[in-house]
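Reader: Before I trust any labels, I'd like to hear where they come from. Can we go through them one by one?

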Amino acid sequence: MPRSCIVKAEALTRPAIPVAYGHLILAVAEGLGVSRAAMLDGQQIPEGLLDRADGRLSMLQANTLLHRGLKLSGTPAFGYEIGLHSSLTSHGFVGYGLLSYATLRSAVAFGSRFLALRLPNLTITVSEEGPQGVIEVTETLALGSMRQCMFDLFLVGLWRMVPMLGLRQDGADRTPIELCFDCPEPAYARAYRDRLPALRFSAGINALRFPVEFLDQPLNSADPVTARLVTQQCEQELTQLGYTGDLLAQVRALLSSERDGYPDLEAVAAALRLSSRTLKRRLQERGFGYQQLLDEARRRDALRLLDDASLSIEQIALRVGYSDPANFTRAFRKWTGRAPSVYREHGLT
């Protein structure tokens, strides 16, 4: 068996996801009429694992349980339902850590650092775009058929945290909170319009957008002593689980557009002190290719640069690595379904 298959299997079968998430999936399924027995029948989950406070499911076990709930409930919006039923306490020590930090900015930095302890197949980054703050979520391991369900449950759960953290949006003139998805609008979304914030589809990104002033609002529950204790506990968990760094997050961080363009595969590999062959193999083990991540970075930067009215389409094309604007337009249509000029005028709504 090739080594890449062995490593990928280890990643999928390694105990990583707290059983609290398994209980959340089971509870939501039960609320939709699916019994616990039906959810667990034939599942490869050892007897008693779900009863252990420190128990962890593998990504394969959690994914299979999620798929079972989606199928048996007959609810395409199963991810929305999980997000709506989640709370900060669903995330254990990480949830308490989010509550304990002084501001949303520091809480998100904490969450980004330790998300691998809860959902190792996702990562988050925070940025500012004018009046908006943006928390973007990306996959660190190809999510397959459950990709949209994962983004649904994570982003809705993220939005649910806003009032739990004591953040308030005052004044009708403020930037609205918005959930952005890179997929076309699914039919099931319409039934949730009155239960969720503004939804934006085919947005080229999976993210929570919110008033930028939220980032530095003091959190009412801030407690520096608790923050230190929780951080120490989470660091111990990282060590125990053997997480020493996220290759995808490192590559994404290096793929930023500079005056000389994006770094090529060899330059990224050198920055990570790897051979280009090793980097390609490790990315393939995670279900990604270098070109895929480069296109992701180009799309991200193109969307950001198009909001700058001082830049022409031709200038933006050059900035994101296209000497021919026509090739940039074709690529942008592939990413978003619209031409850059149409996006600049109307957005993706």
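Author: Here are some of the labels, each set against its definition.

Author: This is a predicted model, where local features need pLDDT of at least 70, side-chain atom pairs count only at pLDDT 80 or more, and totals for chains, interfaces and linings use all residues. Residues are numbered from 1 along each chain as its sequence is written, and side-chain values use heavy atoms, with hydrogens and water left out.

Reader: What makes the pair Phe-210 and Phe-214 stacked?

Author: Rings of Phe, Tyr and Trp (its six-membered ring) pair if their centres lie within 6.5 Å; planes under 30 degrees apart are stacked, over 60 edge-to-face, and the rest tilted. Phe-210 and Phe-214 come in at 6.2 Å centre to centre with 15 degrees between the planes, so they are an aromatic pair and a stacked one. The structure holds 11 aromatic pairs.

Reader: And why is Phe-210 called buried?

Author: Buried means under 20% relative accessible area, exposed is over 50%, and partly exposed lies in between (1.4 Å probe, protein chains only). Phe-210 has 1% relative accessibility, so buried it is. Phe-214 also gets the label, with a relative accessible area of 1%.

Reader: How do you know that Cys-149 has no disulfide partner?

Author: A disulfide is a pair of cysteine sulfur atoms within 2.5 Å. For Cys-149 the closest cysteine sulfur is in Cys-183, 12 Å off, so that is too far for a bond. Cys-180 is in no disulfide either: its nearest cysteine sulfur, again that of Cys-183, is 11 Å away. Searching the whole structure turns up zero disulfides.

Reader: Are those cysteines, Cys-149 and Cys-180, buried or exposed?

Author: Cys-149 is buried, because its relative accessible area is 8%. Cys-180 counts as buried too, because its relative accessibility is 0%.

Reader: What makes you say that Arg-298 lies over the face of Tyr-322?

Author: A charge sits over a ring if NZ of Lys or CZ of Arg is within 6 Å of the ring centre and within 35 degrees of the ring normal. Arg-298 is 4.8 Å from the ring centre of Tyr-322, so the distance fits. Likewise, the charged end of Arg-252 sits over the ring of Phe-288, 5.6 Å from its centre.

Reader: Which residues share an aromatic cluster with Tyr-322?

Author: Phe-328, Phe-332, Trp-335 and Tyr-343 are in one aromatic cluster with Tyr-322.
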